[in-house]
Amino acid sequence: MPYEKTESTKSATWHGLPRHKDEDQVRLDVDRSFIYYPKNQSEPQLDRRKKELSAVITQVLREQPILSYFQGFHDIAQVFLLVLGVDDAPAAVSQLSLLRIRDFMLPSLEPSIAHLHLLPSILEAECPKLRLHLSQTQPFFALAATLTLYAHDIQEYSDIARLFDFFLAHGAVVSVYFFAIIILSRRQELFEIPADEPEMLHSVLSKLPKPLDLEALIAHTVSLYQKFPPEQLPFRAWAMISQYSVLKTTRTTGDFRQQTLIDGAAYFDLQVAQLRRQEMRRKAMATLWKHRRSAGRVGLAVLVGAVAIWLGKGGVESYAAMVLRRLWEKSRVY
């Protein structure tokens, strides 16, 4: 993956930048890093690695203060540190953060959860019977793996380096397809667990099988991705993904290879604004629903109009009209 090396990544000027709000959590996570690799390291060597990792993550966060750190980011960053070294890793991690895993570094977890909601659609496309069997189990079992690009779960350095190569050569959505392939590869085991035991299914699915036949999984992922591209998934799953999500902004190789950190920051701002609008709409709906019985015709119309002005975005008028119509229909029942 090509990356920009700016002046700030060549120097130590980031030390003088304002402290990022998440640096305390970074320190806690770095203390738990380098559990599986590199192997045969002495305590002084591990301490040096951890200091380098802390410096890489802190530099990225201070230079890109809009990013929100998430637990598990250190698992990703340590791979880049081991591959590129402490001098080159910050620039690559910055690129990754804003252009490839931006959805995970927003102030809300919703975009990350949206990735997981593609899984049932992928399973439906390939094996409807398995999708139905897992229908009582929410796809949150895939969060830890997809959030960390599997770096939290894979214990062999050569395997995670190989997997990162694969992911970085494709759009971000391929990581979700990869987890779908892992599920499909375990279908016999999963069918042996009753569908009405979602807790047991969740427990099994939240742990990657060992050992992983990585090359077979990668080959099957490519095949599944080509067979059922995101735009053709059932349940309109792809339409529900934000146009600013990394799943769509990295959909084609040409898209993400031409993007810059400025592009990533712009997408970030657009996603944040979109999330705020969605939250405001939810609050507006809750307010309208709360007052659905007591509001008269005029009062309700005024309330809906006020909400429309408050939201102040294109298309809100039609949204408010829809709400008003539904509430008016409800009010006639009482």
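A contact here means heavy atoms within 4.5 Å. By this criterion, residues 24 or more positions apart account for 76% of the contacts in the chain with a separation of 6 or more. The structure itself is a predicted model, and its secondary structure consists of 19 helices and zero strands. Of the 334 residues in the chain, 46% are buried. The chain exposes about 16,800 Å², of which carbon and sulfur atoms supply 55%.

A word on confidence helps before turning to details. The chain has a mean pLDDT of 88, with 82% of its residues at 70 or more. Over residues 6–10, however, the pLDDT is below 50, and this stretch has eight contacts in the model beyond near neighbours in sequence. Residues 313–321 also stay under 50 in pLDDT, and for them the model has nine contacts beyond four places in sequence. Where pLDDT is low, the predicted coordinates should not be read in detail.

Helix H2 offers a good place to look at the packing. This helix spans residues 23–30, and Glu 23, Val 26, Asp 29 and Val 30 are buried in it. Viewed down the axis of H2, the buried residues fall within an arc of 115°, so they line one face of the helix. The spacing can be related to a general property: an α-helix has 3.6 residues a turn, so residues three or four places apart point the same way. As for partners, the buried residues of H2 pack against helix H3, residues 43–63, and against helix H4, residues 73–84.

Conventions:
Residues are numbered from 1 along each chain as its sequence is written. This is a predicted model: local features need pLDDT of at least 70, side-chain atom pairs count only at pLDDT 80 or more; totals for chains, interfaces and linings use all residues. Side-chain values use heavy atoms; hydrogens and water are left out. pLDDT is the predictor's confidence in each residue, from 0 to 100. Helices (H or I, at least four residues) and strands (E, at least two) are DSSP runs, numbered from the N terminus. Buried means under 20% relative accessible area, exposed over 50%, partly exposed in between (1.4 Å probe, protein chains only). Accessible areas come from the Shrake-Rupley method with a 1.4 Å probe; for residues, only the protein chains shown count as cover. The arc is that of the directions from the helix axis to the C-beta atoms.
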